[in-house]
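Here's an informal walk through one structure, written for someone who likes to check distances and angles. Have the coordinates open while you read.

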Amino acid sequence: MSILIQNGLVVTSTGSYTADVYVEDGKIKSIGTDLDCAAETVIDAKGKYVLPGAIDPHTHLAMPFMGTFAQDDYETGTIAAACGGVTSVVDFDLQQKGESIFEAVERKKSWARDKVAVDYSLHPAIMDPRPEVIDEIKTAIREYGTPSFKIFMVYDFRVDDATMIKLLEQTKKYGGLVQVHAENVHIINHLNEEFENKGTLSPYYHAKSRPNIAEEEAVFRAIKMVEITDSRIYIVHLSSKEALARVKEARDKGINVFAETCPQYLLLDEERYKEPEFNGAKYVMSPPLRTKESNKALWDGINRGDVQVVATDHCPFDFKGKKDMFGTDDYKKIPNGAPGIETLLMLMHSEGVARGRISLEKMVDVLSTTTAKMFGLKNKGEIRVGKDADIVIFDPDLKFTITQEKLHMNVDYTPYEGMEITGMPVEVYVRGKKVSKWKNDHVEFVGEKGYGKFVKREPLIK
Ligand code: URP
Ligand code: ZN
Ligand code: ZN
């Protein structure tokens, strides 16, 4: 199968230029002007961008959580990804008690096998850090192709500081990376008790129970553990300006701290929790939405390079039936998480690039190029000869009004309902196969479930 994409603006993380891109057997074979290649499919991309597919390194597909499951499985979640221009996902894989890392990986691979529509990999989440599990990290990095490991400083399945230090040491030794959900559980428990006593238990108090300082303290503590072990860490879903200030301070000192944020922390704020009739529950996620000041600080952090990756933390629960299952009288029982995999690229372009908050090249950097490098996806993340032909043909002027009805995520709402978008993916390819295309007024899936492949990732430092 060969494709010639003519006259599009090829966007890289360092610059953009008009060129033709020739694809054969799933790979980018050549890039140049007026390429003379006979191709089975010729695409006129004049006036369009040719982008590397976005990579979402923070998803919770079919994850068991808070008495239920995140609703998108590998089929619906990756169909939605394909329609949004996300051509690879790196999904979290929660290790169960008594399980080895490899059993956890094989279990989730078996869920994905016949369903996954885009390429994927897994981050094992260490939840039962027995000594033999810590020993497995070497093989997970060197042989299994899963060199990044998620840990939580909150929730019942959190790890303690001593374990965290061991994990930092172990991943440093073999070229892995610890990813951390950083919030101080004791501050949160204390405030939960206070709100329980006062009877202030509406969704708004979810945000109040997890203040910026709870994130700041945990980020600071994580950084100190990195400093003492001379290791590296990646902070997932960074949300507050105070925590970002700790990241910046550390990075300025040369400490290897990396940070990810998500569109919800760039675009939405805590006023959303005040929406009437329990609608605030739609935004119950951890960390919670912050203020407009934090939104702005995070855009600045992206531009400065203190935030290197934008991901989604896609973890959807229906508003009717899930968010209100146990939690109408108590925010603590509302499943934490929100949908986002399909709206990642359109939001970052429309709210980021089109509004002048970030450059087009920065968008490609935080959605694709740095993400691929951060997580060892060596054939992904760039429009470059030799890379996988994971390509988005993007029309920067196309208008779309976000509405759940026109999206594919298996959930009954989007936090962005009614938002007017400028710029949409019009054709999306995974290893040279078309997986979605714009039709009339929305993007439709034209790929094949089961086409996606598990990608064995490289150790992150050799
Ligand atoms: O609220 C969230 N973020 N839910 C998903 C699990 C997590 O903490 O990332
Ligand atoms: Zn988290
Ligand atoms: Zn998450």
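The two zinc ions in this predicted model, ligand 2 and ligand 3, sit 3.7 Å apart. Let's take the zinc ion (ligand 2) to begin with. Its protein donors are His-181, through ND1, and His-237, through NE2, lying 2.1 Å from the metal. That pair brings together distant parts of the chain: His-181 belongs to strand S12 (residues 177–181), while His-237 is in the loop between strand S13 (232–235) and helix H8 (241–252), and 56 residues separate them.

What about the geometry around the zinc ion (ligand 2)? The four donor atoms subtend angles of 57 to 147°, so the arrangement is irregular. Both histidines are out of the way of solvent: His-181 counts as buried because its relative accessibility is 1%, and His-237 counts as buried at 3%.

Now for the zinc ion (ligand 3). The protein donors here are His-58 (NE2), His-60 (NE2) and Asp-313 (OD), at 1.9 to 2.1 Å from the metal. In sequence, these donor residues follow the spacing H-x1-H-x252-D. The four donor atoms around the zinc ion (ligand 3) subtend angles of 88 to 138°. Why does that come out as irregular rather than tetrahedral? Tetrahedral would need all angles to lie between 85 and 135 degrees, and the range for the zinc ion (ligand 3) runs up to 138°, so the arrangement is irregular.

His-58 lies in strand S6 (residues 54–59) and Asp-313 in the loop between strand S15 (309–310) and helix H11 (319–323), so this pair ties together parts that are 255 residues apart in sequence. His-58 is buried, with a relative accessible area of 0%, and Asp-313 is buried too, at 9%.

Next, ligand 1. Which residues surround ligand 1? Among them are the zinc donors His-58, His-60, His-181, His-237 and Asp-313, and the surroundings also include Phe-65, Tyr-155, Met-285, Ser-286, Cys-315, Asn-336 and Gly-337. Here are some polar distances to ligand 1:

| Protein side | Atom of ligand 1 | Distance |
|---|---|---|
| Asp-313, side-chain N or O | nitrogen | 2.6 Å |
| Asn-336, backbone N or O | nitrogen | 3.0 Å |
| Gly-337, backbone N or O | oxygen | 3.4 Å |

On its own, ligand 1 has 260 Å² of accessible area, and the protein covers 100% of that. Asp-313 turns up twice in this picture, as a donor to the zinc ion (ligand 3) and as a polar neighbour of ligand 1 through its side chain.

Strand S12, which holds His-181, has a partner worth a look. Five bridges join S11 to S12, and the two strands run parallel. Within that pairing, Ile-151 stands opposite Val-180 in S12. Is strand S11 (residues 148–152) mostly enclosed or mostly open? Five of its five residues are buried, so S11 is largely enclosed by the rest of the structure. In a regular strand, side chains alternate between the two faces of the sheet. For S11, both faces are covered: Ser-148, Lys-150 and Phe-152 are buried on one side, and Phe-149 and Ile-151 are buried on the other.

Finally, a contrast with the buried donors. Lys-399 is in strand S16 (residues 391–401), and it counts as exposed because its relative accessibility is 56%. Between Lys-399 and Glu-420 there are 7.2 Å from C-alpha to C-alpha, with the two residues 21 apart in sequence.

Key:
Residues are numbered from 1 along each chain as its sequence is written. Chains are lettered from A and ligands numbered from 1 in the order in which they are written. This is a predicted model: local features need pLDDT of at least 70, side-chain atom pairs count only at pLDDT 80 or more; totals for chains, interfaces and linings use all residues. Side-chain values use heavy atoms; hydrogens and water are left out. Donors are N, O and S atoms within 2.8 Å of the metal (3.2 Å for Na, K and Ca); water is not among the atoms, so sites may look incomplete. Four donors count as tetrahedral if all angles lie between 85 and 135 degrees; four count as square planar and six as octahedral if opposite donors are over 155 degrees apart and all others between 65 and 115; anything else is irregular. Helices (H or I, at least four residues) and strands (E, at least two) are DSSP runs, numbered from the N terminus. Buried means under 20% relative accessible area, exposed over 50%, partly exposed in between (1.4 Å probe, protein chains only). A residue is near a molecule or strand if one of its heavy atoms lies within 4 Å of it. A polar contact is a pair of N or O atoms within 3.5 Å; within protein, one must be able to donate a hydrogen and the other to accept it, and residues adjacent in sequence count only if both atoms are side-chain atoms. Accessible areas come from the Shrake-Rupley method with a 1.4 Å probe; for residues, only the protein chains shown count as cover. Two strands pair if DSSP finds at least two bridges between them.
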